[in-house]
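Trainee: Could we go through this model together, one question at a time, so that I learn to argue from the coordinates?

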Amino acid sequence: MWPAAITAGFVTLAIPLQLSNEWLTIGWALEGAALLWLFRRLDHAGLKWLAATLFAAVAVRLLVNPYVLGYYPRGDWRIVNWIAYTYLVPAAALIAGYVALAAVEVERLRPI
C-alpha cells in the first residue's frame, strides 16, 4: 500500500517540476487527490489522513502566506497567469479528492 502511495507522490511531482513555479504546492495538492483515489481501492485510513495533511499544508501555503501574490510578476493577461494556476490546480485537486472520498466514506465509516 505505501509503495503505491510513494509512486503516486513521484508521479504527481513530475509534472509540476517541469513548470517550476509553485511546484511544491501543486505537487502536494495532486498527491492528496491521488491518495484519495488510491483510498477508494485500498481501505487504509493512513491514506486518507495523509491526503488530509497534504491538503491542509496546501491551504496554509496558499491562504496564510502573505507573500504568495508577489512571487511572480503579473502578466498581460489578468485571468490566465501563474497566480490563477497556483490556486486553480489545488482547488481542482481538492474537488477531485472530494469526489473520490464522498463515494466510499459513508460505507467505510468506523466507530471511534
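The exchange below moves from the overall fold to single residues.

Trainee: What pattern does the chain follow when read along the sequence?

Mentor: Keep in mind from the start that this is a predicted model. The chain holds four helices and zero strands, and its C-alpha trace spans about 50 × 25 × 20 Å along the principal axes. Read along the sequence, the pattern is therefore written with helix symbols alone, as helices are the elements counted here, and it is α-α-α-α.

Trainee: Among contacts between residues at least 6 apart in sequence, what percentage join residues at least 24 apart?

Mentor: A contact here means heavy atoms within 4.5 Å. When contacts in the chain between residues at least 6 apart in sequence are taken, the share that joins residues at least 24 apart is 68%.

Trainee: Which helices each supply at least two residues of the largest nonpolar core?

Mentor: In soluble globular proteins, nonpolar side chains tend to be buried together. In this chain of 112 residues, 33% count as buried, and the largest nonpolar core has 17 residues, of which Ala5, Leu35, Leu36, Leu47, Phe55 and Ala93 touch the most other members. The helices that each supply at least two residues of this core are α2 (23–41), α3 (45–63) and α4 (82–102).

Trainee: Which residues does phenylalanine 55 touch, leaving out those up to four places away in sequence?

Mentor: Phe55 is one of the core residues that touch the most other members, and Leu36 and Ala93, which are also named in that group, appear among its partners. With residues up to four places away in sequence left out, the full set touched by phenylalanine 55 is Ala29, Gly32, Ala33, Leu36, Ala93 and Leu94.

Trainee: How far apart are the end C-alpha atoms of α4, and why does that agree with its number of residues?

Mentor: Helix α4 has 21 residues, and at 1.5 Å a residue these should span 30 Å. The agreement follows because the end C-alpha atoms of α4 are separated by that expected span, 30 Å.

Trainee: Is threonine 86 buried or exposed, and what is its relative accessible area?

Mentor: Threonine 86 lies in helix α4, and it touches Glu22, Ile26 and Leu62 when residues up to four places away in sequence are not counted. Since buried means under 20% relative accessible area, threonine 86 counts as buried, with a value of 3%.

Trainee: Is arginine 78 buried or exposed?

Mentor: Arginine 78 has its place in the loop between α3 and α4, and its C-alpha atom is separated by 31 Å from that of valine 11, 67 residues apart along the chain. The threshold for this class is over 50% relative accessible area, and because its relative accessibility is 64%, arginine 78 counts as exposed.

Note on methods
Residues numbered from 1 in each chain as written. Predicted model: local features only at pLDDT ≥ 70, side-chain atom pairs only at ≥ 80, totals over all residues. Heavy atoms only, no water. Buried < 20%, exposed > 50% of the residue type's maximum accessible area, 1.4 Å probe, protein only. Core = buried A, V, L, I, M, F, W, Y, C linked by side-chain atoms within 4.5 Å. Expected span 1.5 Å × (residues − 1).
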